[in-house]
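Please open the model in your viewer and keep the selection tool at hand, since this tour moves from one aromatic side chain to the next.

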Amino acid sequence: MTAAFVHGEYSLRPLDVEADIELLHRWVTHPKAVYWMMQDADVAAVAAEYRRIAAHPHHEAHLGLYRGEPAFLAERYDPRHVELAGLYEPEDGDVGMHFLTAPTGTPVHGFTRAVITTVMAWLFADPAVRRVVVEPDVRNTAVHTLNAAVGFTAVGPITKPEKTALLSVCTRAQFLAATGVST
């Protein structure tokens with residue numbers, strides 16, 4: 001499957017649930033993916049969730065590659081219909097995002113920041129996107145730090161059915177100022 005977006009040594013392509021499910025299952029059930037909330041899911045449950053996403057008109061998943069090898073997962077969603085519907089006041093041009101880097105025994109300094117930068121560049125490559133919104137768990141301080149590094153500002157906590165989340169937003173201008181990456 002060819003890449004849908006290329007950013008240096010990183011690229012994204014649509015997730016192929018059937019071909020990618022074993023890999024995806026290992027990633028989302030790994031102890032480091034605790035905030036993905038799929039720790040006890042079996043392969044069938046993970047496949048069902050990603051088939052649901054693939055069929056949803058306002059949610060999509062992409063496999064991220066580093067130097068051609070699977071390395072991360074990215075999801076794009078319309079927050080008016082998915083995840084944040086009714087929980088905040090959306091603006092025209094808002095897009096929601098989730099990302100997950102693959103677990104590794106040998107972390108590479110700066111890798112996760114490069115991944116989130118790539119995901120943000122992918123989202124802002126769409127001229128209709130004016131702002132990216134995220135809703136990570138309030139306890140996930142590592143991702144809050146990464147989000148701030150690429151330009152996100154915290155709006156405040158919101159209560160979702162499965163967690164208390166820190167709603168944060170990033171405009172195209174904030175992303176450019178934080179990273180120097182022009183979209």
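Rings of Phe, Tyr and Trp, the last by its six-membered ring, are taken as a pair if their centres lie within 6.5 Å. In this predicted model, ring pairs of that kind link Y10, Y66, F72 and F111 into a cluster, and the structure holds five aromatic pairs.

Select Y10 and Y66 to begin. Their ring centres are 4.8 Å apart and their planes meet at 40°, so this pair is tilted. Now display the backbone around them: Y10 belongs to strand β2, residues 10-14, while Y66 belongs to strand β3, residues 59-66, so the contact ties together parts that are 56 residues apart in sequence. Turning on the surface, you can compare the two residues: Y10 is buried, with a relative accessible area of 11%, whereas Y66, at 23% relative accessibility, counts as partly exposed.

Keep Y66 selected and add F111. Here the ring centres lie 5.5 Å apart with the planes at 80°, and because planes over 60 degrees apart count as edge-to-face, the pair of Y66 and F111 is edge-to-face. Y66 is in strand β3 and F111 in helix α3, residues 111-124, so this pair ties together parts that are 45 residues apart in sequence. F111 has a relative accessibility of 16% and counts as buried.

Finally, add F72 to the selection, which brings into view the cluster that ring pairs form from Y10, Y66, F72 and F111.

Note on methods
Residues are numbered from 1 along each chain as its sequence is written. This is a predicted model: local features need pLDDT of at least 70, side-chain atom pairs count only at pLDDT 80 or more; totals for chains, interfaces and linings use all residues. Side-chain values use heavy atoms; hydrogens and water are left out. Rings of Phe, Tyr and Trp (its six-membered ring) pair if their centres lie within 6.5 Å; planes under 30 degrees apart count as stacked, over 60 as edge-to-face and the rest as tilted. Helices (H or I, at least four residues) and strands (E, at least two) are DSSP runs, numbered from the N terminus. Buried means under 20% relative accessible area, exposed over 50%, partly exposed in between (1.4 Å probe, protein chains only).
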